[in-house]
Amino acid sequence: MPQVLEHHAFDGEALEALMRDIQEKQFQSPLTIFLKNSAPSKVAENLRVLMPDLKVSIDERLRSVSIVIPQNQRKSLKDFVAKLDQPSPLIGLEVQVLEINYDSMKQYDSIFSELTAGFRINYNYQDGQIVSSGPLSEFISYMVEKGEARILAKPMLLTLDNTSCSILIGDRVPYLSNRTTNESHSTFLKYIDTGISLQITPRVSGLYTILVDINTRLSNIKFWKQIGNSEVPVLSTREAITQVRVKNNDTVVIAGLINESDHTSRRGIPILMDIPVLGHLFQHSKTISIRSDIVFMITPKRIELSSRGGNPRELYSPI
């Protein structure tokens, strides 16, 4: 009998050692979770912020994250990752970019709130609310019909939550640049973008509200400067950056990026004004400086995807 007791005691110690070894191996073996929607890098970043000591590796090709974690914590971690791996909301952006005679805008200054010098937005920063853009929208439509304003662009954009989208209305201006070394001299072609650019980053901040980061820029070539053997363009740039909270289907109107241009007209006596050398005696030219306001109208709309499939639909705010 004593020999049997000693035998059972030996088996119990060996079993405990075996269980410890299994647990250690299970802890060291990573848990791999395959993602359906989120980027592995984003999920890993969130996990590291919440649990800095967690060992996390990713595989972008397989869209997976591998985590070293004890067996008894794996289920709760899987549930947490599943909450992170949700489809990003879709946001539609209806954008209008208009050029309006600056003098015609002065009577509507009361609609705008001053943000910085020369930059305005229909947003009341004291109340934190969008000011109604209805009167301004009607006024702009009236000016377009009269020919006092023109629509430069009217794109419809679709982007994911917290993902930037942008539009550029302008030209890519080429210019030559020289590079000289001790051994060689080379000339190559470079490009610079000019015109109107708009970058928008929308973020869902509630069921019926969207936080919108807006970056507007207007740039023109001011003059060309001689540097060495090359002429390079010098840009005149106006830029405004703001962030507003908007209800679904509310319109944010941004103005104040003043564009100044000179237009030269030539008038004279037909035929005679075209005579070489003497033609200038029968004609006169006039240069007019025109100031116009570049206006952006941005309407964000949250798009809801049906869980049963089918076409997406817009999610409207309650009145």
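Hi everyone, this is a short walk through one protein chain, from the whole model down to a few single residues.

Please keep in mind that we are looking at a predicted model. The average pLDDT over the chain is 76, and 67% of the residues score at least 70. Residues 1-10 are a stretch to treat separately: the pLDDT there is below 50, and apart from near neighbours in sequence, this stretch has zero contacts in the model.

Let's start with the whole chain. How many helices and strands are there? The chain has five helices and 17 strands. Of its 319 residues, 33% are buried. The accessible surface adds up to about 20900 Å², and carbon and sulfur atoms account for 52% of that. Now for the contacts: if we take those between residues at least 6 apart in sequence, 67% of them join residues at least 24 apart.

Next, two helices. Helix α2 covers residues 40-50, and its buried residues are P40, V43, A44 and L47. Around the axis they span an arc of only 95 degrees, so they sit on the same side of α2. Turn to the other side of α2 and you find K42 and V49, which are exposed. What covers the buried residues of α2? The cover includes β2, β3 and α3.

That brings us to α3 itself, residues 74-84. Here R74, L77 and V81 are the buried ones. Looking down the axis of α3, you would see them fall within an arc of 60 degrees, which means that they line one face of the helix. K75 and K83, on the other side of α3, are exposed.

Let's move along to the strands. Strand β11 runs over residues 165-180 and contains L176. Together with L189 and Y191, L176 forms a nonpolar patch on the surface, and the accessible area of these three residues is about 310 Å² in total.

L176 also has a link to another strand. E231 belongs to β14, which spans residues 230-247. Which residues does E231 touch, if we leave out those up to four places away in sequence? They are Y175, L176, W224, K225 and Q226. There is also a distance to look at here: E231 and S177 are 54 residues apart along the chain, yet their C-alpha atoms are separated by 7.8 Å. Is E231 buried or partly exposed? Its relative accessible area is 45%, so E231 counts as partly exposed.

Finally, two residues with a backbone angle worth pointing out. R63 is found in the loop between β2, residues 55-59, and β3, residues 64-68. Phi of R63 is near 55 degrees, which is a positive value in a residue other than glycine. With a relative accessible area of 30%, R63 is partly exposed. You may remember β2 and β3 from earlier, as part of what covers the buried residues of α2.

The other one is N249. Look for N249 in the loop between β14 and β15, where β15 covers residues 252-268. N249 is not a glycine either, and its phi is positive, at about 70 degrees. Its relative accessibility is 23%, so N249 is partly exposed too.

If you'd like to follow one thread on your own screen, begin at L176 in β11, then go across to E231, which touches L176. Thanks for listening!

Note on methods: Residues numbered from 1 in each chain as written. Predicted model: local features only at pLDDT ≥ 70, side-chain atom pairs only at ≥ 80, totals over all residues. Heavy atoms only, no water. pLDDT = per-residue confidence, 0-100. Contact = heavy atoms within 4.5 Å. Patch = residues over 30% accessible without salt bridge, like charges linked within 9 Å, V, L, I, M, F, W, Y side chains within 5 Å. Areas by Shrake-Rupley, 256 points an atom, 1.4 Å probe, with all protein chains shown as cover. Salt bridge = Lys/Arg side-chain N within 4 Å of Asp/Glu carboxyl O. Helix = DSSP H or I, 4+ residues; strand = E, 2+ residues; numbered from the N terminus. Buried < 20%, exposed > 50% of the residue type's maximum accessible area, 1.4 Å probe, protein only. Arc of directions from axis to C-beta.
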